[in-house]
Amino acid sequence: MTATWSVNRQLFKENAKNVIQDNQIMAVVKNNAYHYGLEFAVEQFLDIGINTFSTTSLNEAIRIRKMAPNATIFLMNAVYEFDMLREYHIQMTLPSLSFYYENMNELYDIQIHLEYENLLHRSGLKTIDEIKEVIQHHKQNNKEHKMNIVGLWTHFGYADEFDVPDYQIERTAWLELVDTLLDEGYQFKMIHAQNSASYYREQGVLPHHTHARVGIALYGSRPYSTINEMNIKQSLTVKGNVIQVREVNAGDFCGYSFAFEATKNNTKLAVVDVGYGDGILKARAQHEALINNKRYPIRALMMSHMFVEVDDSVHAQDEVILYNNDIRVDEFTFKGVGANSEQLSAMNHDSLIKEYR
Ligand SMILES: Cc1ncc(COP(=O)(O)O)c(C=O)c1O
C-alpha cells in the first residue's frame, strides 16, 4: 500500500489526438514534459504523428534528438553551447539584438527563429525594426557559414486571461507584425505563437502560422474553465490509501499547528498515506478527495499524511483519489489552488510509485 502516480498510456494518446485534430502542433515538452516524463511523452507524441517539439532545456532537446532522429526540435531558451546545437540539429531562438551581434559568428549553421518580445518582456527582439535589422544585416553577411533564419515566433503571456484586454493587445500587435513582414516579402519556414489557451480561443492555428505551440492541453488539463471537459481529458491518476479511520470529539485539534478542530463528537477521520512531501499543494487540501466515488473534505495536510473527514462507508485500505479524470487537476486550478503546471510539477516522483499503464 503506497501512494501512486500513474498515467494511462492509451488515454494520454487519445487526448493528444483529440487536441491536435488536423492542426500542425509543436508539442511543448519542457520540464520533463510537464512532469509526465520526457521520454514517455515524446514516444506517445511521435506515435500519433507529432514530429515537432520545443523545450527550454538543451539537455532535454538532446534527449529528444536521441529518440527522434528526424524531428524538428526548437529550443525556446538561448544557450551558448553552439557546437551541441549543430551536432544535434537543434533549432534555437534569437533572444535579442545584442545576442545576435555578440554571437553571430558562433551561430553558423544553426537554424534560428527570430523571437518577438511583445507584452511578456521575457525575451525577444523589441520591435519590427529590430527584426528587420537582423534580417538585413544577416543578408549582407557574405560568410559561407552563417546562421540560417528559419522561424519567427512569440509567446502570448496573456492568452489565459479573460478579464483584461491584454491578450487582444498582444495578439493584434503580433498579427500586424507578421502581416507587415510577409507583405514586405520576408519569408519564414515556421511561424508560431500560440499556447494552449490561444489555440482554443482561436479554435485552431492563427492565419499564416505553421504551428501552434501547445503544452498543457496535450497533458490533459484545460487552460481555461469554459472549455468543455470532454474536449481535454486527464490520463493521470494520483492516489493514496486509507491507513486507518479514527474518531475524534468536539474540541479535539488534529494535525500540526491546530490544523483542524473537530466540532462534533465521533467525527471520523481517515488517515491517508499521501501528503505535501508527495507534492500535493497545500492549497489543494482546502478541497476534497474522492473515496469510493464520493467526495469527502480534506481536513489537514501533513508531509506524508492527510486527514479526510469520512463517513461509516469508508474503511482502511480504501483508495483515496486526489486526481483523476473525475477530480481533475484543472478543476483545482480554476478554484485557485495554483496553475495546472504548478501542481503537475510539484508531484514527487521519488516518493510516489510511478506507473505507466
Ligand atoms: C514559450 C512557451 N510556449 C508555449 C508554452 C505552452 O503553454 P501551455 O502549456 O499553456 O500550452 C509555454 C509554456 O509555458 C511557453 O513558455
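## Packing of α7 against α8

In this predicted model, helix α7 (residues 128-139) and helix α8 (residues 166-183) approach each other with their axes within 11 Å, crossing at roughly 35 degrees. The crossing of α7 past α8 is right-handed. On the α7 side the contact involves Ile128, Ile131 and Lys132, and these meet Leu177, Thr180 and Leu181 of α8. Sorted by class, the residues of this contact are four nonpolar, one polar and one charged.

Helix α8 also has a place on the strands: it lies across β6 (111-116), β7 (148-154) and β8, and its direction is at about 150 degrees to β7.

## The eight-stranded sheet

An open sheet is built from eight strands with parallel pairing, in the order β8-β7-β6-β5-β4-β3-β2-β9. Its edges are formed by β8 (190-192) and β9 (212-214), each of which pairs on one side only. On average, and with direction ignored, neighbouring strands of the sheet are turned by 25 degrees against each other. Helix α4 packs on this sheet, where it touches β3 and β4, and its direction makes about 175 degrees with that of β4.

## From β3 through β4 to β5

Within the sheet, strand β3 (residues 52-55) is paired with strand β4 (residues 72-75) in the parallel sense over four bridges. The connection between these strands runs through helix α4 (residues 58-67), and the resulting β-α-β crossover is right-handed. At the level of single residues, Thr55 has Leu75 of β4 as its bridge partner.

Strand β4 pairs in turn with strand β5 (residues 91-94), again in the parallel sense, over two bridges. Here Phe74 stands opposite Gln91 of β5, while Leu75 has Met92 of β5 as its bridge partner. Leu75 is thus bridged to Thr55 and to Met92. Together with helix α5 (residues 82-87), strands β4 and β5 make a right-handed β-α-β unit.

## The surroundings of His287

Is His287, which has a relative accessibility of 15%, buried or exposed? His287 counts as buried, because its 15% relative accessibility falls under the 20% limit for that class. The residue is located in the loop between β13 (267-272) and β14 (288-291).

When neighbours within four places in sequence are left aside, His287 is in contact with Tyr296, Pro297 and Ile298, and also with Phe332, Lys335 and Val337.

Definitions and conventions:
Residues are numbered from 1 along each chain as its sequence is written. This is a predicted model: local features need pLDDT of at least 70, side-chain atom pairs count only at pLDDT 80 or more; totals for chains, interfaces and linings use all residues. Side-chain values use heavy atoms; hydrogens and water are left out. Buried means under 20% relative accessible area, exposed over 50%, partly exposed in between (1.4 Å probe, protein chains only). Contact means heavy atoms within 4.5 Å. Two strands pair if DSSP finds at least two bridges between them. A crossover is right-handed if, with the strands pointing away from the viewer, the path from the first strand over the helix to the second runs clockwise. Axes are lines fitted to C-alpha atoms, for helices over the stretch in contact, and angles run from 0 to 180 degrees between N-to-C directions. A crossing is left-handed if the near helix is turned anticlockwise from the far one by less than a right angle, and right-handed if clockwise. Ala, Val, Leu, Ile, Met, Phe, Trp, Tyr, Cys and Pro count as nonpolar, Asp, Glu, Lys and Arg as charged, and the others, Gly among them, as polar.
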